[in-house]
Amino acid sequence: MTAINLDSVRSSLTEARTRLVHQLGELGSEETGELRSDVVFGDGFADAAAATAERTEVLGLVDNLKKQLDEVDGALARLDSGEYGKCENCGRDISAARLEARPEATLCIDCKSKLAS
Ligand SMILES: [Zn+2]
């Protein structure tokens with residue numbers, strides 16, 4: 001099995017984190033997933049329904065980004081604690097190929113497909 005380069009994992013996770021925080025910021029959200037109070041929806045929309053729809057869409061995007069950010073933070077925490085690369089479900093090593101494709105993965109491919117179905 002190919003050894004995982006933890007330094008490159010850390011730098012790609014850090015990059016992903018920076019990107020996610022930036023995207024959240026562009027949507028008017030804090031790192032915590034809270035929208036800033038100065039965010040205005042529906043500016044320029046003729047009706048309130050369109051403004052509400054926009055708000056719902058933005059909140060969905062924020063929620064999604066926040067989940068990804070939590071996964072990335074979790075992976076960084078596991079790197080620090082030395083738990084990185086172990087499947088949370090069965091405790092076996094997650095394959096290097098899978099971690100390269102998805103550094104924030106918490107499940108091995110077997111558990112992932114079992115739990116997803
Ligand atoms: Zn597993």
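In this model, the buried residues of α1 pack against two other helices, α2 and α3 (96-101). The model is a predicted one, so here is a friendly tour of what its coordinates show, starting from that packing and working outwards. The protein has four helices and zero strands, and its elements follow the order α-α-α-α from the N terminus.

**Overall form and confidence**

- With a radius of gyration of 18 Å, well over the 13 Å that the globule rule gives for 117 residues, the protein is more spread out than a compact globule.
- The C-alpha trace spans about 60 × 30 × 20 Å along its principal axes.
- Of the 117 residues in the protein, 14% are buried.
- Among contacts with a separation of 6 or more, 52% come from residues 24 or more positions apart.
- Mean pLDDT for the protein is 90, with 96% of residues reaching 70 or more.
- Confidence is highest in α1, at 95, and lowest in α3, at a mean of 91.

**Helix α1**

- Helix α1 has 21 residues, and the distance from its first C-alpha to its last is 30 Å, close to the 30 Å expected at 1.5 Å a residue.
- Val9, Leu13, Leu20 and Leu24 are the buried residues named in α1.
- Viewed down the axis of α1, the buried residues fall within an arc of 40°, so they line one face of the helix.
- The other side of α1 carries exposed residues, including Asp7, Ser8, Ser11, Thr14 and Glu15, and further along Thr18, His22, Gly25 and Glu26 are exposed too.
- Setting aside neighbours within four places in sequence, Leu24 is in contact with Ser29, Glu31, Val62 and Leu65.
- Just after α1 comes Gly28, which takes a positive phi of about 85°.

**Helix α2**

- The 34 residues of α2 should span 50 Å at 1.5 Å a residue, and this agrees with the 49 Å between its end C-alpha atoms.
- Buried in α2 are Leu65, Leu69, Val72 and Ala75, and the buried residues of this helix pack against α1.
- Val58 also has its place in helix α2.
- Is Val58 buried or partly exposed? Val58 is partly exposed, because 16 other C-beta atoms lie within 10 Å, while 20 or more would be needed for a residue to count as buried.
- The C-alpha atoms of Val58 and Ser29 are separated by 9.5 Å, although these residues are 29 residues apart along the chain.
- Gly82 follows α2, and its phi is positive, near 80°.

**The nonpolar core**

- Which residues form the largest nonpolar core? There are twelve: Val9, Leu13, Leu20, Leu24, Leu65, Leu69, Val72, Ala75, Tyr84, Ile94, Leu99 and Cys108.
- Two elements give two or more residues to this core, namely α1 (6-26) and α2 (48-81).
- In soluble globular proteins, nonpolar side chains tend to be buried together.
- To tie the picture together, the buried residues Val9, Leu13, Leu20 and Leu24 of α1 and Leu65, Leu69, Val72 and Ala75 of α2 are included in that core.

Conventions:
Residues are numbered from 1 along each chain as its sequence is written. A nonpolar core is a set of buried Ala, Val, Leu, Ile, Met, Phe, Trp, Tyr and Cys residues joined through C-beta atoms within 7 Å. Two residues are in contact if their C-beta atoms, placed from the backbone, lie within 7 Å. The expected span of a helix is 1.5 Å times one less than its number of residues. The arc is that of the directions from the helix axis to the C-beta atoms. pLDDT is the predictor's confidence in each residue, from 0 to 100. The radius of gyration is taken over C-alpha atoms; the globule rule is 2.2 Å times the number of residues to the power 0.38.
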